[in-house]
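Let's take a friendly walk through this fold, one neighbourhood at a time. Please have the sequence and the 3D view open as you read.

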Amino acid sequence: MGKTRINHILVVGAGVMGCGIAQVFAANGYKTIMADLKEEFLETAMKRIVGNIEGMVEEGLADKTYGEAVKANLSTLLNSRIPEVAAQFDLVVEVIFENKEAKRDLYKILSDNCREDCIFASNTSGMDVFGVTADVLKNPERLVITHWFNPPHLMKIIEVVKGPDTSDETAQAMRELLEACGKKPSVL
């Protein structure tokens with residue numbers, strides 16, 4: 001797998017972590033789509049992001065252009081539509097609940113519909129996502145864990161964890177992307 005230039009990002013899971021991660025990428029100029037199972041989850045996430053940005057501006061951690069960048073670069077999508085648009089993404093960040101079957105099903109959809117050079121990053125903190133996806137994931141060298149800390153839009157440290165098959169190129173691409181977003185990745 002060659003070095004992938006990451007421009008288009010899909011964040012699957014619009015909870016506290018997912019919306020914060022999507023916010024970070026969008027604020028840094030990356031075209032980002034945040035997906036979840038229901039429209040109401042996406043609406044709640046967008047409200048949370050507005051609140052995050054307002055808090056950051058009040059504390060002097062962001063200015064007006066930060067919020068404008070998020071607004072310009074972030075959109076939403078229902079999970080059911082992922083197969084239709086999957087080919088456009090350079091990176092998919094999985095931030096869904098810690099359920100093996102749900103993760104396995106999602107990675108099967110991603111593996112079947114995304115380009116072969118699309119990187120998959122799981123935010124899991126305790127699950128062996130590499131083992132869970134072993135029988136459904138084509139090109140396992142593109143799967144890596146990026147464990148963000150809460151709140152993701154404020155915390156700088158992110159653990160980047162390579163699996164048994166994760167390529168150095170995948171880990172390097174993630175490290176470079178996270179650094180470009182002002183984060184401090186630690187590759188483990």
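Two strands are said to pair if DSSP finds at least two bridges between them. With that in hand, and keeping in mind that this is a predicted model, we can begin with strand 1 and strand 2. Strand 2 covers residues 31-36, and strand 1 runs parallel to strand 2, with 5 bridges joining the two. To find the register in your viewer, look for I9, which stands opposite T32 of strand 2. Strand 1 is also mostly covered, since 4 of its 5 residues are buried.

Next, turn to helix 5. This helix has 14 residues, and the distance from its first C-alpha to its last is 20 Å, close to the 20 Å expected at 1.5 Å a residue. At its start, a side-chain oxygen of N99 comes to within 3.0 Å of the backbone nitrogen of E101.

Which residues of helix 5 are buried? They are A102, K103, L106, Y107, L110 and S111. Because these residues cover an arc of only 160 degrees around the axis, they sit on the same side of helix 5. Strand 1, where we began, is among the elements that cover them. The cover also includes helix 4 (82-85), strand 4 (91-94), strand 5, helix 6 (129-132) and strand 6.

Now for the aromatic rings. A ring pair is described by the distance of the centres and the angle of the planes. The count here comes to 3 aromatic pairs. In one of them, the rings of F25 and W148 have centres 5.7 Å apart and planes at 85 degrees; since an angle over 60 degrees counts as edge-to-face, that is the label for this pair. F25 belongs to helix 1 (residues 16-27) and W148 to strand 6 (residues 143-148), so the pair links distant parts of the chain, 123 residues apart. Are these two residues buried or exposed? F25 has a relative accessibility of 1% and therefore counts as buried, and W148, at 2%, counts as buried too.

Y107, which we met on helix 5, also takes part in a ring pair: Y107 and F120 are edge-to-face, 6.0 Å centre to centre and with 65 degrees between the planes. This pair connects helix 5 (residues 100-113) with strand 5 (residues 119-122), and its two members are 13 residues apart. Both Y107 and F120 are buried. Returning to F25 and W148, ring pairs link these two with Y30 into a cluster.

Our last stop is around H153, in the loop between strand 6 and strand 7 (157-162). Although H153 lies in a loop, its relative accessible area is 13%, so H153 counts as buried. What does H153 contact, leaving aside its neighbours within four places in sequence? The answer is G20, Q23, V24, N52, M56, Y66 and K183.

Of these, Y66 is worth following. Y66 lies in helix 3 (residues 64-73), and its relative accessibility of 16% falls under the 20% cut-off, so Y66 counts as buried. Not counting residues up to four places away in sequence, Y66 touches Q23, A27, I53, M56 and H153. Q23 and M56 therefore appear in the contacts of both H153 and Y66. Finally, the C-alpha atoms of Y66 and V24 are separated by 9.7 Å, while the two residues are 42 residues apart along the chain.

How values were computed
Residues numbered from 1 in each chain as written. Predicted model: local features only at pLDDT ≥ 70, side-chain atom pairs only at ≥ 80, totals over all residues. Heavy atoms only, no water. Phe/Tyr/Trp six-rings, centres within 6.5 Å; stacked < 30°, edge-to-face > 60°. Buried < 20%, exposed > 50% of the residue type's maximum accessible area, 1.4 Å probe, protein only. Expected span 1.5 Å × (residues − 1). Arc of directions from axis to C-beta. Contact = heavy atoms within 4.5 Å. Polar contact = N/O pair within 3.5 Å; in protein donor to acceptor, adjacent residues only side chain to side chain.
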